[in-house]
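Reader: I'd like a close look at the biggest pocket here. Walk me through what lines it, and then out into the strands and the core of the fold.

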Amino acid sequence: MGSEIEQDRRHVFVYGSLMYLPVWAQVVKGVYPCQNAIAKGFQRLAVPGETYPAMVESQGTQVQGLLWLDVLQDDMKRLDEFEGPEYARREISVTLNTSGETMQVDTYIWLNPAALTRELWSVSQFEAEGLQAFLDRHMGNWNSTGQRK
């Protein structure tokens, strides 16, 4: 039975709005531990007209993000719905900042890189201006509707 429980849980690397508890806690129902991690071979780009980023493959670059640990399947489904059709959940390797350990985890990869400019997404700008705009525009009644606006 223990292995069934472990199979029902996934580690999830996030790199944008889901790094912030005001967003994360509205999407998932569970409480999960997290650690800082790096995804090597990826780049975090701004999505034109939005405050959230996209992550795409890019040799020689890396993305600093947050790794949520042991996320239950029900919450994984909520995350899939939240990310929507612009992203695909995919398994990648990340490196933990504290230990240097490499782990296989799930993350959300942007499906249409041609729609992006090469502008990098700014964590500091999101924290200063974008988080509240993101909450206002995309969260709304997330918990009651189960859908992203």
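**The pocket and what surrounds it**

Author: Let's start with helix α4, residues 123-139, since that helix gives the most to the lining of the largest pocket, with four residues. Keep in mind that this is a predicted model. The space in the largest pocket comes to about 210 Å³. Its lining counts 15 residues, and those closest to the centre are Ala46, Glu50, Thr51, Trp121 and Gln125. Sort the lining by chemistry and you get six nonpolar residues, six polar ones and three charged ones.

Ala46 is a handy way out of the pocket and into the strands. Across from Ala46 stands Pro53 of β3. That pair belongs to a longer match: β2 and β3 run antiparallel and are joined by 12 bridges. The two strands make a hairpin with six residues between them, where Gly49 has a positive phi near 80°.

Follow β3 along, through residues 53-72, and you come to Asp70. Asp70 has a positive phi too, near 55°, and here the residue isn't a glycine. That's worth a second glance: most residues other than glycine have a negative phi. Is Asp70 buried or exposed? Neither, quite: its relative accessible area is 33%, and because that falls between the 20% and 50% cut-offs, Asp70 counts as partly exposed.

Now for the inside. The largest nonpolar core has 46 residues, and the ones touching the most other members are Phe13, Trp24, Met55, Leu67 and Leu79. Elements that give two or more residues to this core are β1 (9-14), α2 (21-27), β2 (34-46), β3, α3 (73-83), β4 (87-96), β5 (102-110) and α4. The largest share, nine residues, comes from β3. So α4 turns up twice, in the core list and in the pocket lining.

Pick Met55 if you want to see how the pieces meet. Setting aside neighbours within four places in sequence, Met55 is in contact with Phe13, Tyr15, Ala39, Phe42, Gln43, Val63, Ile92, Thr107, Tyr108, Ile109 and Trp110.

The pairing carries on past the first hairpin. β2 also pairs with β4, again antiparallel, over two bridges. On that side, Ile38 has Thr95 of β4 as its bridge partner. β4 in turn pairs antiparallel with β5 over nine bridges. Those two form a hairpin as well, with five residues between them, and Gly100 in the turn takes a positive phi of about 80°.

Trp110, one of the Met55 contacts, sits in β5 opposite Tyr87. Tyr87 also leads you to Asn112: the two are 25 residues apart in sequence, and their C-alpha atoms are 8.5 Å apart in space. Asn112 is in the loop between β5 and α4. Asn112 has a relative accessible area of 41%, so this residue is partly exposed. Carry on beyond that loop and you're back at α4, the helix that gives four residues to the pocket lining.

Terms used. Residues are numbered from 1 along each chain as its sequence is written. This is a predicted model: local features need pLDDT of at least 70, side-chain atom pairs count only at pLDDT 80 or more; totals for chains, interfaces and linings use all residues. Side-chain values use heavy atoms; hydrogens and water are left out. Buried means under 20% relative accessible area, exposed over 50%, partly exposed in between (1.4 Å probe, protein chains only). On a 1 Å grid over the protein atoms alone, a cavity is a set of points where a 1.4 Å probe fits but cannot get out, and a pocket is an open set with protein on both sides within 12 Å along at least five of seven lines; lining residues have an atom within 4 Å of a point. Grid points are joined across faces, edges and corners, and a volume is the space filled by probe spheres set on the points. Ala, Val, Leu, Ile, Met, Phe, Trp, Tyr, Cys and Pro count as nonpolar, Asp, Glu, Lys and Arg as charged, and the others, Gly among them, as polar. A nonpolar core is a set of buried Ala, Val, Leu, Ile, Met, Phe, Trp, Tyr and Cys residues joined through side-chain atoms within 4.5 Å. Contact means heavy atoms within 4.5 Å. Two strands pair if DSSP finds at least two bridges between them.
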